[in-house]
Amino acid sequence: MLPDKSYDVIVIGAGHAGCEAALASARMGLSTCIFTMNLDLIAHMSCNPAIGGLAKGHMVREIDALGGEMAKVTDLSGIQFRMLNKSKGPAVWSLRAQADRVLYRQHMRRALELSPNLDIKQAMIEEINVEDRTVTGVRTSLGITYNAKVVIVTTGTFLKGLIHVGHESHQAGRAGEFPSVGLSDCLAGLGLKLGRLKTGTPPRLDAKTIDFSKTEPQYGDDPPVPFSHSTERIENPQLPCYITYTNQETHRIIRDNITRSAMYSGKITGIGPRYCPSIEDKVVRFAERERHQVFLEPEGLQTNEYYANGISTSLPFDVQVELVRTIPGLEQAEIMRPAYAIEYDFVFPTQLRHSLETKSIHGLFLAGQINGTSGYEEAAAQGLMAGINAGLRLQGKEPLVLGRHEAYTGVLIDDLVTKGTEEPYRMFTSRAEYRLLLRHDNADLRLMQKGYDIGLLDAGIHRRFLDKKRAIELETDRLRSTRIKPEAINEVLKGLGTTPVNEAITLVSLLKRPEVTYAVIREAMPPEHPLAEEVEMQVEIQVKYEGYITRQLEAAEKLAKLDDRKIPDEIDYRTLPGISKEILCKLQEVRPASLGQAGRIPGMTPAALSLIMVASEKLRRSRPGPQTDGIVV
């Protein structure tokens with residue numbers, strides 16, 4: 001069939017990755033079309049309707065700083081916001097929001113519909129058209145062809161999706177939705193190596209049948225802190241979540257029926273998420289635990305449906321009912337939607353460049369769960385970066401590659417393309433070497449200029465960012481240059497339980513004391529003009545942690561120098577003398593772009609890295625033209 005229409009960019013899938021990818025490329029001025037199998041389920045939250053959490057919340061703030069949409073939509077649909085880890089240092093503060101599932105879909109779809117340069121179509125994509133290892137477009141199940149210069153695949157759990165409830169199994173991308181079979185076969189036919197992963201979801205319960213008096217309410221922050229740097233306040237009513245626990249009777253029922261679980265009966269071959277196990281997995285692996293926590297989380301303002309977070313399972317429905325009713329507060333609970341496990345195909349991400357373009361097919365980008373990740377936030381971050389880099393590719397510009405010291409998004413992508421994954425990848429703060437640099441509170445300072453330069457942020461947002469940055473610099477300079485006399489501060493210091501001073505000291509020295517907050521400085525010697533709360537917070541964090549931040553910046557600079565040392569594409573690792581077969585296999589699989597990336601490959605040795613360094617330099621010197629400086633490691 002003749003092409004229906006041509007686009008610069010086609011996005012397959014309208015989940016969290018697909019929406020960010022499509023919006024990014026369209027906002028960069030490229031004609032874009034996003035395809036989904038169901039227009040009514042754009043940005044559907046198939047698991048918990050929550051955004052953020054430890055490390056994940058950092059990525060949402062980064063998405064917003066770069067010009068993405070997830071943070072704004074979360075603020076419009078959020079029904080509970082909590083800042084986690086406030087009792088700890090700022091490096092691990094992280095925002096989490098419970099969202100109204102329906103509102104989230106509505107607001108994200110509206111953002112897509114209002115975007116210039118963006119078409120939305122309902123269709124099942126069966127094939128990606130490729131000529132001479134270059135993408136030319138896609139073909140739908142109806143035989144309609146759409147031409148494109150770039151295709152971004154964001155298919156979530158739909159590639160040959162298989163749902164399990166006990167011993168019953170059926171093909172589906174999500175509960176009640178068709179899987180994508182042809183596209184999975186197409187990707188394999190293009191030479192991409194695919195694997196199999198598994199995830200799951202817990203039962204949804206009817207609030208009318210829950211006795212909340214037997215649970216512990218958990219309230220959000222008041223006032224709620226928004227995700228987006230441009231959101232002034234949260235307007236939605238805020239709802240509590242509730243905590244309850246499994247018990248020994250719950251665990252007995254699970255153990256008695258363990259062979260009826262799809263996971264333990266051998267029906268599931270895919271590898272599940274290590275850090276978000278099913279309840280039967282928790283009972284088996286942590287047999288010594290007397291109870292496991294269950295969060296009862298509302299799915300929206302206009303529904304009685306509650307998400308029973310903590311009891312994800314693939315046990316049969318009758319066992320689900322039995323185990324749920326052993327839990328305090330759920331003795332009479334009715335299950336509105338049963339729990340299930342789902343298996344799906346994914347592409348091993350070492351086949352990707354840092355831009356998220358495949359190494360073997362020009363113009364083919366992958367983002368989201370297809371790359372082996374779990375979670376809405378990881379998917380959205382990849383989608384945004386794929387959309388940005390698709391746009392930059394078509395504009396003839398270098399890709400945007402975020403360093404591990406610049407963003408959790410950079411850590412995520414570098415981990416995927418360098419180390420790969422054989423289980424659903426989940427972001428944690430512990431994955432980042434430079435956590436103090438990658439704080440929740442400074443995502444705009446790290447990334448907003450990049451978002452503006454790419455064209456994803458408007459002038460008004462950029463101007464406010466520059467004003468904030470300037471205010472932080474001016475106040476920090478004032479604190480360094482202004483001294484306070486003992487008689488003006490010693491009574492306050494005594495009241496705080498810290499040592500008085502004998503001579504005038506700078507305000508910076510004063511603020512470095514653990515007992516002294518910026519509020520003390522503001523009271524003793526206020527700035528000429530009142531500062532915004534976020535400016536005061538930044539000044540305090542940067543002053544108090546200055547030494548630690550400086551050391552991490554120095555370490556990051558060393559890493560950046562290695563990442564700047566590029567490895568020639570034509571290098572033949574088989575010619576390196578004395579290199580082990582294990583490292584050779586990994587080098588041929590990953591094909592690292594730099595010495596820094598090579599050094600992060602699991603199992604890499606200093607000796608092997610030196611051999612790569614020498615071989616790279618020899619190749620460079622053999623090229624005609626100006627010679628580069630020698631490599632120093």
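Before you click anything, a word on residue classes: Ala, Val, Leu, Ile, Met, Phe, Trp, Tyr, Cys and Pro count as nonpolar, Asp, Glu, Lys and Arg as charged, and the others, Gly among them, as polar. The model is predicted, so local features need pLDDT of at least 70 and side-chain atom pairs count only at pLDDT 80 or more, while totals for chains, interfaces and linings use all residues. Residues are numbered from 1 along each chain as its sequence is written, and side-chain values use heavy atoms, with hydrogens and water left out.

**Stop 1: the largest cavity**

Select His354, Met385, Leu400, Val401, Leu402, Gly410 and Ile413, which line the largest cavity. A cavity here is a set of points, on a 1 Å grid over the protein atoms alone, where a 1.4 Å probe fits but cannot get out; lining residues have an atom within 4 Å of a point. About 40 Å³ of space lies inside the largest cavity, where volume means the space filled by probe spheres set on the points, and grid points are joined across faces, edges and corners. Its lining divides into five nonpolar, two polar and no charged residues.

**Stop 2: the second cavity**

How many cavities of 30 Å³ or more does the structure hold? Two. For the second largest, pick Asp64, Lys72, Ser228, His229, Ser230, Met448, Leu457 and Ile461. They surround about 30 Å³ of space, and by class they are three nonpolar, three polar and two charged residues.

**Stop 3: α11 against α12**

Met448 and Ile461 from that lining turn up again where α11 meets α12. Show α11 (residues 443-454) and α12 (residues 459-481): they pack at an angle of about 145°, with axes 10 Å apart. Helices are DSSP runs (H or I, at least four residues) and strands likewise (E, at least two), numbered from the N terminus. Axes are lines fitted to C-alpha atoms, for helices over the stretch in contact, and angles run from 0 to 180 degrees between N-to-C directions.

Now add side chains. From α11 come Asp444, Leu445, Met448, Gln449 and Tyr452, and their partners in α12 include His462, Phe465, Leu466 and Ile472; contact means heavy atoms within 4.5 Å. Eight nonpolar, two polar and three charged residues make up this contact of α11 with α12.

**Stop 4: the second largest pocket**

Keep both helices on screen, since α11, α12 and α16 (533-544) each supply at least two residues of the lining of the second largest pocket. A pocket is an open set of points with protein on both sides within 12 Å along at least five of seven lines. This one has a volume of about 1100 Å³. Of its 31 lining residues, the closest to its centre are Arg61, Val225, Pro226, Glu533 and Glu534. The lining splits into 13 nonpolar, six polar and 12 charged residues.

**Stop 5: two backbone details**

Zoom to Asp222 and Pro223: the peptide bond between them is cis, with omega near 0°. Pro223 sits in the loop between β14 (216-218) and β15 (241-245). Then jump to Arg133, a non-glycine residue with a positive phi near 60°, in the loop between β7 (125-131) and β8 (134-140).

**Stop 6: a four-stranded sheet**

Finish on the open sheet with order β11-β10-β19-β12 and antiparallel pairing. β11 (168-171) and β12 (194-201) are the edge strands, each with a single partner, so one side of each has no neighbour in the sheet. Strand β10 (residues 162-165) pairs with β11 over four bridges; DSSP must find at least two bridges for strands to pair. Label Leu162, and opposite stands Gln171 in β11.
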